[in-house]
Amino acid sequence: MISNIIFLVVALVGIGLFVWQIRKIVRNINMGREKEISGNVSERINTLLLVAFGQQKMFKRPLPAVLHLFVYIGFIVINVELIEILIDGVFGTHRILGVLGPVYSVLMAINEVLGLLVIIACVIFLARRNLTNVPRLTRGPEMRAWPKMDANVILITEIVLMLALFAFNIADQKLAQLGGHQLPGAFPVSGLMVDLFGSDVSTLQVIATAGWWVHIVGILAFMNYLPSSKHFHIITSFPNVYYSKLEPKGQFSNVESITHEIKAMLDPSYVVPPAPEGADPQKFGAKDVEDLTWKQLLDSYTCTECGRCTSVCPANLTGKLLSPRKIVMDTRDRMEEKGESPLIFDPAKYTEESERVKASEERTLLRGYVTPEELWACTTCNACVESCPVNINQLSTIIDLRRFLVLEESAAPASLNTMFNNIENNGAPWAFSPSDRFNWADDLYTVSKN
Amino acid sequence: MSEKKQIQVPVMADLAARGEVPEVLFWVGCAGAFDDRYKNVTRAFVRILEHVGTKYAVLGMEETCTGDPAKRAGNEFLFQMQAMTNIATFDGYGIKTIVTACPHCFNTIKNEYPALGGNYEVIHHSTFLQNLINEGKVKIAGGGEFKGKRITFHDSCYLGRANNIYEAPREVLAALDADLVEMKRSRANGLCCGAGGAQMWKEPEPGNKDINVERAEEAIGTGATIIASACPFCMTMMADGVKSQNKEDSVQVFDIAELIAQAEGINA
């Protein structure tokens with residue numbers, strides 16, 4: 001009875017803390033500019049099913065895709081068992097879903113196989129990060145101590161959760177065997193190790209109880225770790241993919257305030273629609289996180305720091321400072337510095353500021369985190385956008401930061417200012433005379449075949 | 001019977017004066033008009049238009065930058081000024097369909113002009129050429145002079161990833177009956193030439209290699225003697241990259257329109 005009450009309190013505190021943290025994150029995302037993303041529901045659902053549920057883009061790299069699939073399916077299916085754990089925990093029942101008979105057996109059997117696959121996948125993932133040092137997972141200035149530790153914490157926690165579940169199943173089976181009754185369910189993995197913990201009843205009871213508690217308390221603790229971690233993608237991937245950009249990747253956003261300004265300039269009778277009430281006089285482009293849209297901020301909460309974007313970035317591949325992943329990670333760090341920090345992660349504690357950033361007087365996303373040199377290295381080739389398994393749009397943030405540099409600070413590189421001047425004066429990005437524009441057609445011959 | 005014939009390129013203002021409307025407006029673009037090497041591509045495409053009898057026109061001196069480099073560099077104001085100027089020109093002539101060889105102009109007019117009130121059917125020359133081949137208007141009997149030659153196609157970011165056009169240029173090349181080889185990074189995984197995002201007009205940021213050199217090495221590594229491109233900036237970058245490897249004598253860079261015009265025997 002006491003244990004039931006303790007369980008109830010632990011579960012309620014765990015869930016309550018999680019809700020409290022989610023509200024902080026929602027407030028952070030709402031710091032961003034409003035942007036209506038709606039319509040095309042069927043295309044959005046289709047994208048959601050393919051990219052988020054179906055993990056379509058993961059399969060560009062088959063090995064991590066298959067391993068990740070194990071963990072992903074394991075996460076979804078094994079959590080069905082959470083329902084049972086919650087009921088058992090609150091009401092003191094034992095394997096309540098056992099009443100489902102064969103269905104329960106199938107469920108348990110699948111869980112055990114998936115649990116084993118999760119452990120195997122996580123061990124390989126740990127090896128890739130810590131032994132073989134896959135470059136995209138370990139290299140780059142943004143892969144500081146915290147992101148590296150975060151990845152290991154996630155993998156080790158998942159292994160521990162699965163081991164606890166197996167320990168519970170093993171001890172529970174042995175206890176049933178000793179007591180001479182049949183345990184509901186089927187256990188293709190732990191069934192092979194029934195004698196692992198010996199046959200001392202009190203020891204087995206301690207192991208079964210501990211396994212059960214470690215598993216459930218571990219899940220509650222892990223849930224409260226998510227908002228501090230890249231692992232939060234297990235929640236944000238779904239809305240982020242649903243609200244993906246559906247337009248062609250080459251289409252950059254239109255700055256409407258500029259459109260109104262130009263139209264008013266060209267036509268004095270043009271009436272500029274009033275800005276939405278309470279809106280700041282909008283600056284052009286983005287200097288800090290509140291100048292980005294909520295979707296760009298959601299992007300940063302969805303990033304798993306997998307580094308696919310950076311590994312295909314032509315600028316990064318040729319030694320430039322730009323790393324698309326860094327820009328997304330910087331956005332999240334800055335958002336949590338400026339807005340609300342999550343429970344465990346305090347950016348001030350975990351961000352080792354580079355000299356470059358420390359030297360900056362401006363604590364804004366632009367310059368305080370992302371330098372102009374990074375931004376000017378981008379070729380807008382969309383390789384990062386194409387590579388992202390959760391449809392983050394790194395490029396849109398880069399362009400908004402560039403817009404601020406150019407439109408608000410006139411801080412474009414000199415050669416680009418020359419290009420702007422050429423367009424303004426000659427109608428071409430090069431210094432050619434507009435009167436020579438049609439010279440290519442002079443003395444143009446062909447071979448006529450009639 | 002074949003004879004050398006001069007082409008008088010039809011200008012939109014003249015057609016309008018005669019009350020004529022072309023089937024398509026050929027948007028030449030700044031590189032097409034001013035870049036000495038790339039002007040050959042413009043001429044080759046015009047020869048093809050003449051050869052198949054498409055009723056076309058160009059804007060001539062009335063063309064001005066689409067604003068693409070300004071927009072990629074963050075100068076939204078300059079971009080919109082250019083866009084509105086061009087939209088006024090298009091609409092003044094009642095233009096409905098535009099064909100262009102430049103993926104940057106193509107992307108900008110097709111995707112970014114609508115938000116400013118400019119709605120046109122915009123076709124990239126790779127798709128246009130593909131249609132001509134499919135319709136049998138361009139035949140290239142026996143594959144022409146590129147038959148069996150090893151050719152690799154370099155995807156332009158603004159054609160490929162930006163607009164999902166991967167197959168059209170490849171199908172055009174297939175008409176040459178050449179030995180088409182793919183680079184390891186191709187189609188959606190293609191590596192940028194390094195010129196996009198207004199990089200064409202600036203020195204690269206500090207790094208350990210130029211992007212076009214990285215890409216040219218990959219292209220040369222396929223053993224191809226011809227690198228085919230479908231973008232003026234890719235052409236410049238790839239040609240410079242090949243030169244940096246001292247391979248300009250054995251590896252040449254051509255636009256797909258040049259290859260088609262050459263194979264069809266209409267160059268003069």
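Domain bounds here come from an automatic or database domain assignment. With those bounds, domain 1 (1-32 + 55-229) and domain 2 (243-263 + 283-433) of chain A both contribute lining residues to the second largest pocket, so this pocket lies between them. One thing to keep in mind as you click along: this is a predicted model.

**Stop 1: the second largest pocket**

Colour the two domains of chain A, then select Thr47(A), Lys57(A), Lys245(A), Lys249(A) and Asn391(A); of the 24 lining residues, these lie nearest the centre of the second largest pocket. The elements that give two or more residues to its lining are H2 and helix H19 (383-387) of chain A. H2(A) has the largest share, with five residues. The space here comes to about 550 Å³. If you colour the lining by class, you should find nine charged, eight polar and seven nonpolar residues.

**Stop 2: the largest cavity**

Next, select Met58(A), His68(A), Lys230(A), His233(A) and Thr304(A), which lie nearest the centre of the largest cavity among its 29 lining residues. Its volume is about 660 Å³, and the structure holds 12 cavities of 30 Å³ or more. Where does the largest cavity lie with respect to domain 1 and domain 2 of chain A? Both domains give residues to its lining, so the largest cavity lies between them.

Now show the helices around it. H2 (41-53), H3 (62-78), H5 (102-130), H6 (135-138), H7 (145-179) and H9 (233-242) of chain A each supply at least two lining residues. Which helix gives the most to this lining? That is H3(A), with five residues. By class, the lining has 17 nonpolar residues, along with six polar and six charged ones.

**Stop 3: the annotated transmembrane regions**

Stay on chain A and select residues 6-26, 65-87, 107-128, 149-171 and 203-226, where UniProt, in an unreviewed entry, places the feature "transmembrane region". Two of these spans are worth a distance label. For residues 65-87 of chain A, the end C-alpha atoms are 34 Å apart, and the span is 96% helix and 0% strand. For residues 203-226 of chain A, the end C-alpha atoms lie 33 Å apart, again with 96% helix and 0% strand.

**Stop 4: Arg332(A)**

Select Arg332(A) in helix H14 (residues 324-338) of chain A. Is this residue buried or exposed? Arg332(A) is buried, with a relative accessible area of 7%. Beyond its close sequence neighbours (within four places), Arg332(A) is in contact with Leu226(A), Pro227(A), Ser228(A), Ser229(A), Lys230(A), Phe232(A), Ser300(A) and Tyr301(A). You have already met Lys230(A), listed among the residues nearest the centre of the largest cavity.

**Stop 5: Gln199(B)**

Move over to chain B and pick Gln199(B), in the loop between strand S7 (179-181) and helix H9 (211-221) of that chain. Gln199(B) is buried, at 7% relative accessible area. Show its contacts, leaving out residues up to four places away in sequence: Trp376(A), Ala377(A), Cys378(A), Thr379(A) and Arg402(A) from chain A, plus Gly194(B) and Pro204(B) from chain B. For a sense of scale, draw a line from its C-alpha atom to that of Val52(B), 147 residues apart along the chain: the separation is 36 Å.

**Stop 6: Cys234(B)**

Finish at Cys234(B), in helix H10 (residues 232-244) of chain B. Cys234(B) is buried, with a relative accessible area of 4%. Not counting residues up to four places away in sequence, Cys234(B) touches His154(B), Ser156(B), Cys193(B) and Ser229(B). Add Cys192(B) to the view as well: its C-alpha atom is 8.2 Å from that of Cys234(B), with their positions 42 residues apart along the chain.

Technical notes:
Residues are numbered from 1 along each chain as its sequence is written. Chains are lettered from A and ligands numbered from 1 in the order in which they are written. This is a predicted model: local features need pLDDT of at least 70, side-chain atom pairs count only at pLDDT 80 or more; totals for chains, interfaces and linings use all residues. Side-chain values use heavy atoms; hydrogens and water are left out. On a 1 Å grid over the protein atoms alone, a cavity is a set of points where a 1.4 Å probe fits but cannot get out, and a pocket is an open set with protein on both sides within 12 Å along at least five of seven lines; lining residues have an atom within 4 Å of a point. Grid points are joined across faces, edges and corners, and a volume is the space filled by probe spheres set on the points. Helices (H or I, at least four residues) and strands (E, at least two) are DSSP runs, numbered from the N terminus. Ala, Val, Leu, Ile, Met, Phe, Trp, Tyr, Cys and Pro count as nonpolar, Asp, Glu, Lys and Arg as charged, and the others, Gly among them, as polar. UniProt positions are given in the numbering used here, feature names are shortened, and annotations may be inferred rather than shown by experiment. Buried means under 20% relative accessible area, exposed over 50%, partly exposed in between (1.4 Å probe, protein chains only). Contact means heavy atoms within 4.5 Å.
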